[in-house]
Amino acid sequence: MGRLFLIELDGRVYKCKFCRSHLALGDDLVSRQSFSCRRGKAYLFNTAVNVIVGTQEERMMLSGLHTVADIFCCSCGQIVGWKYEAAHDKSQKYKEGKFVLERGRIVDGVDAEFYLDTRSGTSDAEDA
């Protein structure tokens, strides 16, 4: 089959929920609002990495008819969202070439081990 080379991103990263492969940067997030899918909420990104783009198909979405292709994690093969290839409505053209990642299939790259307590009024000195 061949060797798999994955791209590792720097910064706030959204990862595949199933294998933790990097998929997108927080800086490439276009919208967290008004995107939904069969399984719940979804986020729109300018770009995505470590994905395989599936076959294009016409799909009727809440915002109208679009040509889309499902996207799969290239590491584990799980479907993680879709790519907008073409929009048939002029008001939806901004979506073309962008990626939608389903919230239930990704995890935010903010790891618990790097959690900082930002509550006001607490400090290490007060614990002593």
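Trainee: In which strand is Glu102 found?

Mentor: Happy to start there, keeping in mind that this is a predicted model. The strand in question covers residues 99-102. Glu102 therefore belongs to strand E9.

Trainee: Is Glu102 buried or exposed?

Mentor: Let's look at its surroundings and then its accessibility. Glu102 touches residues including Cys37, Arg39, Val80 and Trp82, leaving aside those up to four places away in sequence. Its relative accessibility is 4%, and the cut-off for buried is under 20%, so Glu102 counts as buried.

Trainee: Which side chain meets that of Glu102 in a salt bridge?

Mentor: Good one to check in the viewer. The N to O distance is 3.7 Å, and both partners are buried. The partner of Glu102 is Arg105.

Trainee: How many disulfides does the count come to?

Mentor: A disulfide needs two cysteine sulfur atoms within 2.5 Å. For Cys19, the nearest cysteine sulfur is that of Cys73, 3.5 Å away. For Cys74, the nearest is also that of Cys73, at 5.6 Å. Neither Cys19 nor Cys74 is in a disulfide, and the count for the model is zero.

Trainee: Which residues are joined into one network by salt bridges that share partners?

Mentor: A search of the whole structure finds five salt bridges. One of them pairs Arg59 with Glu57, with the closest N and O atoms 3.1 Å apart; Arg59 is buried at 13%, while Glu57 is partly exposed at 36%. Through shared partners, the network joins Glu57, Arg59 and Asp70.

Key. Residues are numbered from 1 along each chain as its sequence is written. This is a predicted model: local features need pLDDT of at least 70, side-chain atom pairs count only at pLDDT 80 or more; totals for chains, interfaces and linings use all residues. Side-chain values use heavy atoms; hydrogens and water are left out. Helices (H or I, at least four residues) and strands (E, at least two) are DSSP runs, numbered from the N terminus. Buried means under 20% relative accessible area, exposed over 50%, partly exposed in between (1.4 Å probe, protein chains only). Contact means heavy atoms within 4.5 Å. A salt bridge is a side-chain nitrogen of Lys or Arg within 4 Å of a carboxyl oxygen of Asp or Glu.
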